[in-house]
Amino acid sequence: MSALATRAAQVGSPPRTPGRMPATVEAIAFAAGFAFLACLPLLVGGSYGRHVLIMAFLYAVIASNWDLSLGYGGIFNFAHLALFGIGVYAYALLTKLVGIEPWTALVLSGFIATAAAVLVTVPILRLKGIFIILVTFGFAQLVMQVILSQSELTGGTQGIVRIPGLTLGDHSMIRDNKFAYFYLALGLLALSTAALRIIVRSRLGAAIVALRDNEDYAVARGLSVARLRLFTMASSAFFTGAAGAFYAAYQRNASIDVFGMSLSTVILSMVLLGGTGTIYGAILASFLLTLFSEAMADFGAWRPMIVAVLIVGVMLAYPAGLAGLVKAAAGHAGRLVRST
Amino acid sequence: MQPLAEIVFGGLFQGSLYAMMGVGLALVWTTIGVFNFAHGALMMLGAYLAWTLTAAGLPLALALPAAILLMGGAGWLLQAGVVRPLIGRPNLVLAVVITTLAAGSLVENGVLQAFGPRSKQLPPLVEGSMTIGPIGVSLHQLAIILATPVVLLALWLFLTRTRLGLALRAVAQNEDSAQLVGLNVAALYGLAFALSASLAGLAGIFIGGYRFMSPAMGGDPLLKALIVVVFGGISSISGPIFAAYLIGFLEAFSNYAFGLYWTPAILFAVLISTLMVRPEGLFAPRMGKLA
């Protein structure tokens, strides 16, 4: 940036929060980023490569939505993966048992996950910190146990197989090397990310953060803890549930594994590695961790151990996660540019 | 008469195991203010250590204390590796959740690598079985029921009657003041984790003696211990012990009355409704604010 432009920015534009990107700049970067992702099939050939990318997009949707409740809201919600699992089972049951058309079921699953989020928020409205972890953890286990015990509907430990996939007219989306699923997953991620960024940049988003940072003051200024907590949890649930439905349609089976601790741990590490309270950090970490995990497929049983060591290492070395690292690097680069 | 006797015996047995697990979790929570999600993995590690020692030819009477000592070391290591460096961070609770989860996964997969997935079993504490009134019980289970109160009593005496135990409780109550009067807070943190891991290891040896061991065996006991600790209140050591027996009886009764499938759901429903009415736990003094 030239010196003149810098001066003009200092004098002319309204004061802006340090480190906060103007909306137009962010929109351009957002569009460029997703245009790049849309071109990825040109670089990554083959059905397997696209499968890895589809999973990365899915994880990114789950992790970034978790960042809304965990990072921005400061709500230690450990039922987030249960919301995903509810999406998986909602889609499976709606399409197989009720016979609802898959695309409608996909949207409905998002709403069902939202309703479940409201349900789990009610008991935690008055709680804080570790108590929220324990109740939400309990809720996730409760959902799993109910699914296990209703085995005549849900298949119990066997899960549900041959779930109807998604089609576009006569075209089954799994064909042509999963092209259609790739773009659907990308579209889901784009919609979800746009919604999340609009929420966190709005006054509502500022209110959510205010409640996290100084609850007493925020309440004194007239914010409602109950209403905002419900809003935060509900809005983090819709795309998570839809991602679950997408996963069920894509894999064509539903299993109880989605409620397991290992998946929760991996996704949580994506949120924390990415740096909480950024949305983009969680997405970036999802991509990196998925690719990293794939790259280590040869290590077989050692892989979970390497991932565990990596998680601990990053947590100890970079408390602000990858986003903090990027921000620090950007700040450094900015200072370099300004000094020359 | 027989169902009642089985409910009482089952409740006492499950309650003993839950108390053993829960008290270790509570010890770490009250002292350091973090939740150790690797507690289940530590329990499993204790069982495998004891198995290794007995497989090497040691009698259980020697293998058990040796495994418990080793577990104390493992607990101290865990604390030094993934908890201590995070103390003082603003998001301590959450950061420790993730690092202990990761450490637990590391231990679990490490044991899987070292021992393979095939199930193993420890020799029971006491061989044989006997009949008490209308029901037949194994002496191993009876030994657990009788040994647990002794261990818990010893822990209580340690915490209330010895200098070291008092120091531990002082850190739990007020860390800054404890440091001001010259207590070595870092060492006491290590001690809390070491004690907690030893208790978990003992619970693992108990469980490994009557059920097959597998690297994933810690998951369910950890979950039950969490319920117990929340149910009883995490601000004291005695609360979770009462709650452990209460939950044990509730589980035994629910297994009998509603069947095995519905029991976990019923337990969680009870837990969530308890938290809504008394978030500080059943046996804890009322608190003005929950942090």
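**Close-up views of a predicted two-chain model**

**View 1. Ser192(A) sits in helix α8 (residues 175-201) of chain A.** Everything shown here and in the views below comes from a predicted model. Is Ser192(A) buried or exposed? Ser192(A) is buried, with a relative accessible area of 0%. Setting aside neighbours within four places in sequence, the residues in contact with Ser192(A) are Val61(A), Ser64(A), Asn65(A) and Phe239(A).

**View 2. Helix α9 of chain A, residues 203-213, has a buried side.** Look for Gly205(A), Ala207(A), Ile208(A) and Leu211(A), which are buried. Seen down the axis of α9(A), these buried residues fall within an arc of 160°, so they line one face of the helix. There's a simple rule behind this kind of pattern. An α-helix has 3.6 residues a turn, so residues three or four places apart point the same way. Over on the other side of α9(A), Arg203(A) and Asp213(A) are exposed. The N-terminal end of α9(A) is capped by Ser202(A). A side-chain oxygen of Ser202(A) lies 3.3 Å from the backbone nitrogen of Leu204(A).

**View 3. Here a helix from chain A packs against a helix from chain B.** The pair is α6 of chain A (residues 129-149) and α11 of chain B (residues 263-277). Their axes are 9 Å apart, and the packing angle is about 155°. With angles over 145 degrees counted as roughly antiparallel, that makes α6(A) roughly antiparallel to α11(B). The crossing of α6(A) past α11(B) is left-handed. On the α6(A) side, the residues that meet α11(B) are Phe131(A), Val135(A), Gly138(A), Phe139(A), Gln141(A), Leu142(A), Gln145(A) and Val146(A). What do they meet in α11(B)? Their partners there are Pro264(B), Ala265(B), Phe268(B), Ala269(B), Ile272(B) and Leu275(B).

**View 4. This one shows α2(B) packed with helix α4 of chain B, residues 92-115.** The angle is about 25° and the axes are 9 Å apart, which makes α2(B) roughly parallel to α4(B). The two helices cross in a left-handed way. From α2(B), the contact uses Ala41(B), Met44(B), Leu45(B), Tyr48(B), Trp51(B) and Thr52(B). From α4(B), Gly104(B), Val107(B), Glu108(B), Val111(B) and Phe115(B) take part.

**View 5. Asn36(B) is in the loop between α1 (2-32) and α2 (39-55) of chain B.** Don't let the loop fool you: Asn36(B) counts as buried, at 1% relative accessibility. Which backbone atom does the side chain of Asn36(B) reach? It's the backbone nitrogen of Ala38(B), at 2.9 Å. Not counting residues up to four places away in sequence, Asn36(B) touches Leu25(B), Leu42(B), Leu78(B), Thr100(B), Phe193(B) and Leu222(B).

**View 6. Two arginines of chain A, Arg162(A) and Arg252(A), have a positive phi.** Most residues other than glycine have a negative phi. For Arg162(A), phi is near 55°. Arg162(A) is in the loop between β1 (160-161) and β2 (167-168) of chain A, and is exposed, with a relative accessible area of 68%. For Arg252(A), phi is near 65°. You'll find Arg252(A) in the loop between α11 (225-251) and β4 (253-254) of chain A. At 41% relative accessibility, Arg252(A) counts as partly exposed.

**View 7. Thr95(A), in helix α4 (residues 80-98) of chain A, makes polar contacts with the backbone.** The side chain of Thr95(A) reaches the backbone oxygen of Tyr91(A) at 2.7 Å. That side chain also reaches the backbone oxygen of Ala92(A), at 3.2 Å. Thr95(A) is buried, with a relative accessible area of 7%. Leaving out residues up to four places away in sequence, Thr95(A) touches Ile100(A), Pro102(A), Ala105(A), Ile163(A) and Pro164(A).

**View 8. Val52(A) lies in helix α3 (residues 46-72) of chain A.** Val52(A) is buried, at a relative accessible area of 7%. Which residues does Val52(A) touch, not counting those up to four places away in sequence? They are Thr290(A), Leu291(A) and Glu294(A). As for Leu272(A), it is 220 residues from Val52(A) in sequence, and the two are 21 Å apart in space, C-alpha to C-alpha.

Technical notes:
Residues are numbered from 1 along each chain as its sequence is written. Chains are lettered from A and ligands numbered from 1 in the order in which they are written. This is a predicted model: local features need pLDDT of at least 70, side-chain atom pairs count only at pLDDT 80 or more; totals for chains, interfaces and linings use all residues. Side-chain values use heavy atoms; hydrogens and water are left out. Buried means under 20% relative accessible area, exposed over 50%, partly exposed in between (1.4 Å probe, protein chains only). Helices (H or I, at least four residues) and strands (E, at least two) are DSSP runs, numbered from the N terminus. The arc is that of the directions from the helix axis to the C-beta atoms. A polar contact is a pair of N or O atoms within 3.5 Å; within protein, one must be able to donate a hydrogen and the other to accept it, and residues adjacent in sequence count only if both atoms are side-chain atoms. Axes are lines fitted to C-alpha atoms, for helices over the stretch in contact, and angles run from 0 to 180 degrees between N-to-C directions. Angles under 35 degrees count as roughly parallel, over 145 as roughly antiparallel, 65 to 115 as roughly perpendicular and the rest as oblique. A crossing is left-handed if the near helix is turned anticlockwise from the far one by less than a right angle, and right-handed if clockwise. Contact means heavy atoms within 4.5 Å.
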